[in-house]
Amino acid sequence: MNLDFREIITVAMVLFAVIDIVGSIPIIIDLRTKFGHVESGKASIVAGVIMITFLFVGEQILSLIGIDVNSFAVAGAFVLFFLALEMILGIRLYKDDEASSASIVPIAFPLIAGAGTMTTLLSLRAQYQAINIIIAIVLNIILVYLVLKASKKIETKLGKNGLSVIRKTFGVILLAIAVKLFASNVKALFI
């Protein structure tokens, strides 16, 4: 066990940028509006478990079922693409009448612990000690929990018009992230 504060900070910052929980606030508010509530603790714990599990067995799981990391990332890009379209166009594509909450899908996966996060974890695993990555994941999950808990207050402060502007703006950003994720991984599918 080799704790390195510098590694923890570096990995935490990389994961913070990839997870982009602050940028996901409009999506979270939108999902909370559709489903009535979001279980912050449940979403955070599930996302953390998915990330830590994938850190250790991600490549093996994907190769076991015959999926490479690039295919996984492209699939995640499609999910993000459709979430972005919902935000920008104000339409509803994701319809699951039986779900009582959006805590697991799509918040824990793929919004927090999505393809971008998974591929990043696989890359970080090659460069950093596992214990430092786990601590960075836990720090990010705590931040995710706090943002999920505060989403109602954030919605109140911004108001309906402010949320609409932010939702559309972040929808375009999410769309750009989806396109980038798709473009950077689709080439490898044909090589």
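Is Leu89 buried or exposed? Keep that residue in mind as we walk through this model, which is a predicted one.

Leu89 sits in helix 4. Its relative accessible area is 53%, and exposed means over 50%, so Leu89 counts as exposed. If you look across the fold from there, you can find Gly171: these two residues are 82 apart along the chain, yet 8.9 Å separates their C-alpha atoms.

Leu89 also has company on the surface. Together with Phe78, Phe81, Phe82, Ile91, Leu93 and Phe182, Leu89 makes up a nonpolar patch whose accessible area adds up to about 620 Å². Helix 4 supplies the largest share of this patch, with four residues. Phe182, on the other hand, belongs to helix 7. Why is Phe182 called partly exposed? Its relative accessible area is 31%, and the partly exposed class lies between under 20% (buried) and over 50% (exposed), so Phe182 falls in that class.

Now let's turn to the pockets. The largest one has a volume of about 430 Å³. It is lined by 25 residues, and those closest to its centre are Val18, Leu80, Gly116, Ile177 and Leu181. Several helices give two or more residues to this lining: helix 1 (5-19), helix 4 (69-89), helix 5 (103-112), helix 6 (115-127) and helix 7 (130-189). Helix 7 provides the largest share, nine residues. What classes of residue line the largest pocket? There are 14 nonpolar residues, nine polar ones and two charged ones.

So which helices should you look for in both places? Helix 4 gives residues to the pocket lining and to the nonpolar patch. Helix 7 also lines the pocket, and Phe182 of the patch is found in helix 7.

Technical notes. Residues are numbered from 1 along each chain as its sequence is written. This is a predicted model: local features need pLDDT of at least 70, side-chain atom pairs count only at pLDDT 80 or more; totals for chains, interfaces and linings use all residues. Side-chain values use heavy atoms; hydrogens and water are left out. On a 1 Å grid over the protein atoms alone, a cavity is a set of points where a 1.4 Å probe fits but cannot get out, and a pocket is an open set with protein on both sides within 12 Å along at least five of seven lines; lining residues have an atom within 4 Å of a point. Grid points are joined across faces, edges and corners, and a volume is the space filled by probe spheres set on the points. Ala, Val, Leu, Ile, Met, Phe, Trp, Tyr, Cys and Pro count as nonpolar, Asp, Glu, Lys and Arg as charged, and the others, Gly among them, as polar. Patches are made of residues with over 30% relative accessible area and no salt bridge: like charges are joined within 9 Å, nonpolar side chains (Val, Leu, Ile, Met, Phe, Trp, Tyr) within 5 Å. Accessible areas come from the Shrake-Rupley method with a 1.4 Å probe; for residues, only the protein chains shown count as cover. A salt bridge is a side-chain nitrogen of Lys or Arg within 4 Å of a carboxyl oxygen of Asp or Glu. Buried means under 20% relative accessible area, exposed over 50%, partly exposed in between (1.4 Å probe, protein chains only).
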